[in-house]
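Good morning, and thank you for coming. Please take a look at the sequence and the structure before I begin.

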Amino acid sequence: MTYNANEKGYYGQFGGAFIPEMLYPNTEELRQNYIQIMEEPSFKKEFHALLKDYVGRPTPLYFANRLSDKYKTKIYLKREDLCHTGAHKVNNTIGQILMAKRLGKTRIIAETGAGQHGVATATVCALMGIDCVVYMGEIDIARQAPNVARMKMLGAEVRPALSGSRTLKDATNEAIRDWINNPVDTHYIIGSVVGPHPYPDMVARFQSVISEEIQSQLLEKEGTPNPDYLIACVGGGSNAAGTYYHYLDNMDVGIIAVEAAGKGIHSGESAATSALGKVGIIHGSKTLLMQTQDGQITEPYSISAGLDYPGVGPMHAHLYTSGRGEFISVTDDEAMTAGLLVSQLEGIIPAIETSHAFAIFDHRKFKPDDILVINLSGRGDKDLQTYIDYFKL
Amino acid sequence: MKNRIQKKLEEDKKLVSIYFSAGYPNLNDTVSIIQDLETNGVDMIEIGLPFSDPLADGPTIQESSTIALKNGMGTDLLFDQLKEIRKTVSIPLIIMGYFNPVLQYGVENFCKKCQEIGIDGLILPDLPLDVYKEEYETIFKKYNLINIFLITPQTSESRILQIDDASDGFIYMVSSASTTGAKQGFGEEQDAYFKRIASMNLKNPQIVGFGISNAQTFKQATNTAKGAIIGSAFIKMLSQKGTVGISEFIQTIKPVS
């Protein structure tokens, strides 16, 4: 059994490409070419050179001494927060901008929720001198002003998504509509392991540099490439997919996904898709999603804008339903408290998304000789205002 | 047994087809809109089952879908409103929507219900050809429902042939690379596309949709195609004039026969 995508983009029963015919030529062009392009030596060379010299990879695997002491287990942190632009998102946007160039595309569109993927996309478009339009929900534009300013400073046009609930889900709809209207010259850089095939697999492959580095770094430090557990937060699930990728079929390594319970799984204000979702179609992918009995997609809630998505990538839906992954959801309060604790024990202020992964210790015990790798997917600078408001700092 | 869509396609005329969102402008307008459309000589109707995230639609249909959902429209309610529709209406009726609500209802249950009511076909733009063939074709056929596929100016010739082969009614020919309601008038590009498709001599007739808003675009589209579907322009009219405007709107579009 494999936990990776098959050639049609299915992870078990999840995935595929449930797209209107208008999107078929675009996704088909990508599907036919993405693996071949990614395997080209010249592509690999350019991708890895940019990851090294521009993004600052490899990111360190850091043994968190005081955190390990507190929880009586061995905790390593994969420092994706040290990537240029402050999170793992840029691994994917570097890959996709190079892909877009090879496909002869001259215009880039993207969706963003909190603005991290938008900033990472605007960054690589500036780097390559390509026009960039980022769709962002009108409500998110209002609550993420610094990232909107960053995108503008990087030369991107930020277009408000005015439809529906005016957040990430709707920004994604608007980006897809833009792609329908501009099928020839435009590449859509999706920010997570969501959307129609080949996006989930392509984004996972670009993010898999994370698990590739963990293997060699852990071997050096512990004499084995295998931790006992990999832990990552999951919204759409791109940082988690990158963390798990090279370990998916390695049953010696446990996989733990932490979702956002918001104000509590049964509060009606939650984004815990594995617990609350049912099988359905969102943004061209068959996966678990939060919806009404009638199949209308519902609005999630999390204090973290990056986890505020009503679906989850098809890889994760499969990890959950097959039992390969252990899915735990933590509340806003647990995540915020964990974020403060990590700041004060390790001197690292994590993004609120990442703080959710650290709240695992409220829910689960580990043995003293267990080796854990937690993906520290992003830094908390963008979330300062939320931390300030929450803790009355 | 021939389906009403197939019989309608045999008539020697250009077909006027209208799309509207069920539950818009008011929750209980569905049946009266359908009856008014038939009375005014419309040949076929696409009844939109509203969806929260209509990816292929422009602002007009997004808005009508959102309002319809706010009004309380849903799958069960739509079926309930339509349960006696065949007592008064005889033209082909098609349900158009996105795949997720159908999947949640259960594809077989949905199809069965459609047959009971007298629905003749479904248009589900995000149900892809390969998935339909592998998983659902036998169910659609069992309930005598025609599944209608879309093609666009970017659809390759080989894929058009596959779609033609999988179809047994008409092909929904999307006029341009766009979401619904985006275009204002057709240019040379569309004319060339309409001619190109006509010259393929497909076994299924084509009905053009997206960008048909008045008599002129209707005429342009049906120079070669069998008919045309008006959606956003009809919904805009409803939002301005309400259901009393239906008769006048249809008369301005309909070809003089």
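I shall go through a helix, two groups of strands, two loop residues, a further helix and the contact between the chains.

This is a predicted model, in which local features need pLDDT of at least 70, side-chain atom pairs count only at pLDDT 80 or more, and totals for chains, interfaces and linings use all residues. Residues are numbered from 1 along each chain as its sequence is written, while chains are lettered from A and ligands numbered from 1 in the order in which they are written.

Let me begin with helix α2 of chain A, residues 41–55. Helices (H or I, at least four residues) and strands (E, at least two) are DSSP runs, numbered from the N terminus. The expected span of a helix is 1.5 Å times one less than its number of residues. For the 15 residues of α2(A) that gives 21 Å, and the end C-alpha atoms are 20 Å apart, which agrees.

Which residues of α2(A) are buried? They are A:F47, A:L50, A:L51 and A:V55. These residues cover an arc of only 100° around the axis, so they lie on the same side of α2(A); the arc is that of the directions from the helix axis to the C-beta atoms. I call a residue buried if 20 or more other C-beta atoms lie within 10 Å of its own, exposed if 12 or fewer, and partly exposed in between, with C-beta atoms placed from the backbone. On the face turned away from the buried side, α2(A) carries the exposed residues A:P41, A:S42, A:K45, A:A49, A:K52 and A:D53. The cover over its buried residues includes α4 (89–102) and α10 (209–222) of chain A. Contact here requires that the C-beta atoms of two residues, placed from the backbone, lie within 7 Å. Just after α2(A), A:G56 has a positive phi of about 95°.

I turn now to the strands. Strands of a sheet pair through backbone hydrogen bonds, either parallel or antiparallel. Two strands are taken to pair if DSSP finds at least two bridges between them.

In chain A, four strands make up an open sheet with parallel pairing, in the order β7-β6-β5-β8. At its edges stand β7 (157–161) and β8 (186–189) of chain A, each with a single partner strand, so one side of each has no neighbour in the sheet. Within this sheet, neighbouring strands are turned by 25° against each other on average, direction ignored; the axes are lines fitted to C-alpha atoms, for helices over the stretch in contact, and angles run from 0 to 180 degrees between N-to-C directions. Strands β5 (residues 107–112) and β6 (residues 131–137) of chain A are joined in the parallel sense by six bridges. A:R107 has A:D131 in β6(A) as its bridge partner, and A:A110 stands opposite A:V134 in β6(A). As for burial, six of the seven residues of β6(A) are buried.

How many residues of strand β4 of chain A, residues 74–78, are buried? The count is five of five. In a regular strand the side chains alternate between the two faces of the sheet. Both faces of β4(A) are covered, with A:K74, A:Y76 and A:K78 on one side and A:I75 and A:L77 on the other. Strand β3 (residues 61–63) of chain A pairs with β4(A) in the antiparallel sense over three bridges, whereas β14 (residues 371–375) of chain A pairs with β4(A) in the parallel sense over five bridges. A:K78 stands opposite A:L61 and also opposite A:N375 in β14(A).

Next, two loop residues. A:A359 lies between α15 (352–358) and β14 of chain A, and is buried because 26 other C-beta atoms lie within 10 Å. Not counting residues up to four places away in sequence, A:A359 touches A:V258, A:V330, A:E334, A:A335 and A:A338. A:I348 lies in the loop between α14 (332–346) and α15 of chain A, and is buried with 20 other C-beta atoms within 10 Å. With the same exclusion of residues up to four places away in sequence, A:I348 touches A:D81, A:V342, A:S343 and A:L376.

By contrast, helix α16 of chain A, residues 384–391, is hardly covered: zero of its eight residues are buried. A:K392, just after α16(A), takes a positive phi of about 50°.

Finally, the contact between the chains takes 31 residues from chain B and 26 residues from chain A. On the side of chain B that touches chain A, the largest share, five residues, comes from α5(B).
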